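The following exercises concern the fold, the shape and the surface of one protein chain. Attempt each task before reading its solution.

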Amino acid sequence: MADVSKSTESLKFDFLYVDGDTNTLTLKNPKSNISTSDIEELQAFMRQKNIVVGDKASGTFGRIDAVTKVTETKTYLDFA
């Protein structure tokens, strides 16, 4: 049997709250052609619906500070 490689993709969102706190959320398997405008629409939706809140009473969502697309490849070695 041969070595097997598997790749996965995710988006890592870094959130910034109005009180200065930060938080990170990772979403697995995003659509392959996600665009900046998609992220901007998501940010507006999150703010409008108050989907993400901080861990303090004043932890109001401010903005998405950064988005990183992560591709991870794992190789499972055949050593038998």
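Accessible areas come from the Shrake-Rupley method with a 1.4 Å probe. The model examined here is predicted.

**Exercise 1.** State how much area the protein chain exposes and what share carbon and sulfur atoms supply.

*Solution.* Step one: the exposed area of the protein chain is about 6000 Å². Step two: carbon and sulfur atoms supply 51% of that area. Step three: a residue counts as buried under 20% relative accessible area, and buried residues make up 20% of the 80 residues in the protein chain.

**Exercise 2.** Describe the fold, beginning with the elements along the sequence.

*Solution.* Step one: the protein chain contains one helix and three strands, in the pattern β-β-α-β. Step two: the three strands form an open sheet with the order E2-E1-E3 and antiparallel pairing. Strands E2 (22-28) and E3 (61-76) are the edge strands, each pairing on one side only. From one strand to the next, the twist averages 25°. Step three: strand E1 (residues 4-17) is joined to E2 by seven bridges; Ser10 has Lys28 in E2 as its bridge partner. Step four: helix H1 (residues 36-49) lies across E1 and E3, and runs at about 125° to E3.

**Exercise 3.** Compare the radius of gyration of the protein chain with that of a compact globule of 80 residues.

*Solution.* Step one: such a globule would have a radius near 12 Å. Step two: the protein chain has 17 Å. Step three: its C-alpha trace spans about 55 × 25 × 15 Å along the principal axes.

**Exercise 4.** Assess the confidence of the prediction.

*Solution.* Step one: the mean pLDDT of the protein chain is 88, and 95% of its residues reach 70 or more. Step two: where pLDDT is low, the predicted coordinates should not be read in detail.

Conventions. Residues are numbered from 1 along each chain as its sequence is written. This is a predicted model: local features need pLDDT of at least 70, side-chain atom pairs count only at pLDDT 80 or more; totals for chains, interfaces and linings use all residues. Side-chain values use heavy atoms; hydrogens and water are left out. Two strands pair if DSSP finds at least two bridges between them. Helices (H or I, at least four residues) and strands (E, at least two) are DSSP runs, numbered from the N terminus. Axes are lines fitted to C-alpha atoms, for helices over the stretch in contact, and angles run from 0 to 180 degrees between N-to-C directions. Contact means heavy atoms within 4.5 Å. pLDDT is the predictor's confidence in each residue, from 0 to 100. The radius of gyration is taken over C-alpha atoms; the globule rule is 2.2 Å times the number of residues to the power 0.38. Buried means under 20% relative accessible area, exposed over 50%, partly exposed in between (1.4 Å probe, protein chains only).
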